[in-house]
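Subject: Structure for your review

Dear colleague,

Please find below the structure that I am handing over to you. I should be grateful if you would read the notes that follow it with the coordinates open.

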Protein chains: 2
Amino acid sequence: MPPSVAIRCFVTIETVTFADTASSRLELIGFRSTAPRRAVLNAIGNAPGPFTVEDLLSEVPGVGRATVFRTIKLLLELDMMCRVPLEDGTARYQVSEGDHHHHLVCRTCGSLTEFNDPEIDARIAEQARTRGFALQGHSLELYGLCQSCRRTA
Amino acid sequence: MPPSVAIRCFVTIETVTFADTASSRLELIGFRSTAPRRAVLNAIGNAPGPFTVEDLLSEVPGVGRATVFRTIKLLLELDMMCRVPLEDGTARYQVSEGDHHHHLVCRTCGSLTEFNDPEIDARIAEQARTRGFALQGHSLELYGLCQSCRRTA
DNA sequence: ATTTATGCAAAATCTTTGCATCAAC
DNA sequence: GTTGATGCAAAGATTTTGCATAAAT
């Protein structure tokens with residue numbers, strides 16, 4: 001009988017959170033990892049959906065307003081989060097799922113769905129080119145009723 | 001010699017101003033034509049380009065802030081003016097030239113150029129349809145440098 | 001006469017800033 | 001020990017509201 005060998009394999013499934021990723025990226029470019037900052041990043045990462053600044057403020061009771069505003073600004077500048085303008089002039093924030101994208105904004109429940117459309121992007125680039133406009137960015141939001149609100153209505 | 005007939009023809013070229021048009025439309029739906037309101041409509045009609053609420057306020061010194069805000073809101077609701085959201089969260093206002101349209105927003109000089117693209121609109125409708133989204137409106141802004149700012153830069 | 005619109009000033013929002021203190025590196 | 005980050009509260013900026021008065025129909 002040949003000798004047997006026991007092989008035990010540990011597989012750790014690590015969920016890399018938004019807070020972790022963001023924190024690392026911030027540290028890389030010289031920002032410090034502080035408790036208040038991490039708290040804000042966690043709150044953002046755990047948000048169940050699009051949120052307002054007010055929402056975020058109430059999720060991090062110990063943290064000062066200024067810090068929350070400063071953190072949001074930081075993440076926006078680094079494209080780690082996106083700001084979605086609503087029709088009433090207010091905005092919602094959300095962690096960007098992919099790269100560049102557009103949004104479907106539900107007027108009833110406020111849900112935000114990201115989507116991409118290379119054809120639209122191409123036409124946009126073309127329109128800019130035609131007009132001698134040096135395109136640097138764009139923003140596209142669709143407003144209406146999401147699938148479930150539509151059924152309810 | 002046959003009798004002659006003099007025919008004199010008066011042609012009046014009337015420039016119908018924005019203020020006139022808007023005022024009439026407002027009266028038609030039951031709003032009153034008041035001096036402050038007309039002043040605001042005139043200022044809007046005479047604006048050399050996109051303007052902020054602040055710009056408008058300073059153009060109608062005698063008129064109260066509330067009236068200016070209320071008039072803007074009214075015109076937006078009636079689609080007689082459009083609100084263009086900028087990247088910094090502020091907005092500019094402009095009399096809509098055509099029907100539905102999109103905007104090229106110059107990051108340097110702030111100029112706003114309207115454009116249309118049926119193909120983009122079609123793709124947008126298609127994207128909504130695919131997702132079971134009842135599309136009711138959309139907003140598309142392109143950010144970058146306009147032709148002249150681009151040359152200067 | 002009715003009823004809408006106005007102006008004012010206060011209130012309500014929303015965001016930024018100055019600065020002393022605290023914490024990270 | 002340096003330097004960046006924080007919290008607080010005050011200041012700014014922006015928009016809305018209540019209400020007595022004025023003006024339009």
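The notes below take the two DNA strands in turn, and then the cavity, a hairpin and a histidine. Please bear in mind that this is a predicted model.

DNA strand D

There are 19 residues around DNA strand D, and those that come nearest are Arg32(A), Thr34(A), Arg37(A), Gly64(A) and Thr67(A). Of the atoms of this strand that come within 4 Å of the protein, 66% belong to sugar and phosphate.

Three individual pairs deserve inspection. In the side chain of Thr67(A), an N or O atom is 2.7 Å from a phosphate oxygen of DNA strand D. The side chain of Arg70(A) places a polar atom 3.1 Å from a base nitrogen of DNA strand D. From chain B, a backbone N or O atom of Ser33(B) lies 3.5 Å from a phosphate oxygen of DNA strand D.

In terms of secondary structure, α2(A), α4(A) (65-77) and α4(B) (65-77) each supply at least two residues of the surface near DNA strand D. The largest share, four residues, comes from α4(B). By class, this surface has seven nonpolar, five polar and seven charged residues.

DNA strand C

Around DNA strand C there are likewise 19 residues, of which Lys73(A), Arg32(B), Thr34(B), Arg37(B) and Thr67(B) come nearest. Sugar and phosphate make up 65% of the atoms of DNA strand C that come within 4 Å of the protein.

Two base nitrogen pairs may be noted here. An N or O atom in the side chain of Arg32(A) is 3.2 Å from a base nitrogen of DNA strand C. For Arg70(B), a polar side-chain atom lies 3.1 Å from a base nitrogen of DNA strand C. On the backbone side, an N or O atom of Ser33(A) lies 3.5 Å from a phosphate oxygen of DNA strand C.

The surface near DNA strand C draws at least two residues from each of α4(A), α2(B) (35-46) and α4(B). Here α4(A) gives the most, with four residues. The residues of this surface divide into seven nonpolar, five polar and seven charged.

The cavity

How many cavities of 30 Å³ or more does the structure hold? There is one, and the volume of the largest cavity is about 30 Å³. Its lining is formed by Ser23(A), Leu26(A), Glu27(A), Phe31(A), Arg32(A), Ser33(A), Arg37(A) and Leu41(A). Two elements of chain A, α1 (18-28) and α2 (35-46), give two or more residues to this lining, and the largest share, three residues, comes from α1(A). The lining comprises three nonpolar, two polar and three charged residues. Arg32(A) and Arg37(A) thus appear in the cavity lining and also among the residues that come nearest to DNA strand D.

Strands β3 and β4 of chain B, and His102(A)

In chain B, strands β3 (residues 102-106) and β4 (residues 112-115) run antiparallel and are joined by four bridges. One of the residues involved is His103(B), whose bridge partner in β4(B) is Glu114(B). The two strands form a hairpin with five residues between them, and Gly110(B) in the turn has a positive phi of about 80 degrees.

In chain A, strand β3 (residues 102-106) contains His102(A). Is His102(A) buried or exposed? His102(A) counts as buried because its relative accessible area is 0%, against a cut-off of under 20%. The side chain of His102(A) makes a polar contact of 3.1 Å with the side chain of Asp121(A).

Yours sincerely

Note on methods: Residues numbered from 1 in each chain as written. Chains lettered and ligands numbered in written order. Predicted model: local features only at pLDDT ≥ 70, side-chain atom pairs only at ≥ 80, totals over all residues. Heavy atoms only, no water. 1 Å grid on protein atoms, 1.4 Å probe; cavity = no way out; pocket = protein on both sides within 12 Å on 5 of 7 lines; lining within 4 Å. Points joined across faces, edges and corners; volume = space filled by probe spheres on them. Nonpolar A, V, L, I, M, F, W, Y, C, P; charged D, E, K, R; others polar. Pairing = 2+ DSSP bridges. Near = heavy atom within 4 Å. Polar contact = N/O pair within 3.5 Å; in protein donor to acceptor, adjacent residues only side chain to side chain. Buried < 20%, exposed > 50% of the residue type's maximum accessible area, 1.4 Å probe, protein only.
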